[in-house]
Amino acid sequence: MTTVANTIKRGEIYHFNHRIGQKIYRKSLKTDSPSQCREYVSGIFAFIERSKVLGVKVEKNDIDSFIEMLISNKVNEVVRLGKAATQPMSCLLYTSDAADE
């Protein structure tokens, strides 16, 4: 079984697990991929550390928003790459040329 630091696994889905003050914070990362999970956790900790350096207190809502943004960006990237792999380049070129006229 693959383990990822600062996460727990519920079923097949990884959840971020971190202490904020006296409370435990948990949030679904909506992935079953250990490598994707590691990437998300790395980004979350970079966000938390950057906030500390700037002197900004990180709260639950801030981390919630950041995690949703990370997941949303990943989904958008997958859709974009999927379109690039399935649409011929000529289709993309003609569409942009027609819009310019």
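**Fold, pocket and local geometry of the predicted chain**

Glu59 is found in the loop between α1 and α2, the latter spanning residues 60-86. In this predicted model, Glu59 counts as partly exposed, because its relative accessibility is 43% and so falls between the limits for buried and exposed. Its C-alpha atom lies 7.8 Å from that of Ile20, although the two residues are 39 apart in sequence.

The protein chain contains three helices and three strands. From the N terminus, the elements run β-β-β-α-α-α. Of the 101 residues in the chain, 25% are buried. Contacts between residues at least 6 apart in sequence were also examined; 39% of these join residues at least 24 apart.

Confidence varies along the model. The mean pLDDT of the protein chain is 81, and 72% of the residues reach 70 or more. Among the elements, strand β1 (residues 7-10) has the highest mean pLDDT, 93. Helix α3 (residues 89-100) has the lowest, 52. Where pLDDT is low, the predicted coordinates should not be read in detail.

Strands β2 and β3 run antiparallel and are joined by six bridges. Within this pair, Asn17 stands opposite Arg26 of β3. The two strands form a hairpin with two residues between them. In that hairpin, Gly21 takes a positive phi near 65°.

His18 is placed in strand β2. This residue counts as buried because its relative accessibility is 19%, under the 20% limit. Beyond residues up to four places away in sequence, His18 touches Asn6, Lys23, Ile24, Tyr25, Phe45 and Ile48. His18 is also one of the residues that line the largest pocket, as are its contact partners Phe45 and Ile48.

The largest pocket has a volume of about 190 Å³. Its lining includes His18, Arg19, Ile20 and Gly21. Phe45, Ile48, Glu49 and Lys52 also belong to the lining. Val56, Lys57, Val58 and Ile63 complete the list. Two elements, β2 (13-20) and α1 (34-54), each supply at least two lining residues. The largest share, four residues, comes from α1. By class, the lining has six nonpolar, two polar and four charged residues.

Phe47 is located in helix α1. Its relative accessible area is 16%, so Phe47 is buried. Leaving aside neighbours within four places in sequence, Phe47 is in contact with Val58, Asp62, Ile63 and Phe66. Of these partners, Val58 and Ile63 also line the largest pocket. The C-alpha atoms of Phe47 and Phe66 are 8.0 Å apart, with a separation of 19 residues along the chain.

The loop between β3 and α1 holds Asp32. Apart from neighbours within four places in sequence, Asp32 is in contact with Glu12, Ile13 and Tyr14. The C-alpha atom of Asp32 is 9.6 Å from that of His15, and the two residues are 17 apart along the chain.

Backbone geometry was examined next. Most residues other than glycine have a negative phi. Lys30 departs from this pattern, with a positive phi near 55°. This residue lies in the loop between β3 (23-28) and α1. Lys30 counts as exposed, because its relative accessibility is 53% and the limit is over 50%.

Asn6 is not a glycine either, yet its phi is positive, at about 65°. Asn6 sits in the segment before β1. With a relative accessible area of 35%, Asn6 is partly exposed. Asn6 is also one of the residues that His18 touches.

Conventions
Residues numbered from 1 in each chain as written. Predicted model: local features only at pLDDT ≥ 70, side-chain atom pairs only at ≥ 80, totals over all residues. Heavy atoms only, no water. pLDDT = per-residue confidence, 0-100. 1 Å grid on protein atoms, 1.4 Å probe; cavity = no way out; pocket = protein on both sides within 12 Å on 5 of 7 lines; lining within 4 Å. Points joined across faces, edges and corners; volume = space filled by probe spheres on them. Nonpolar A, V, L, I, M, F, W, Y, C, P; charged D, E, K, R; others polar. Buried < 20%, exposed > 50% of the residue type's maximum accessible area, 1.4 Å probe, protein only. Contact = heavy atoms within 4.5 Å. Pairing = 2+ DSSP bridges.
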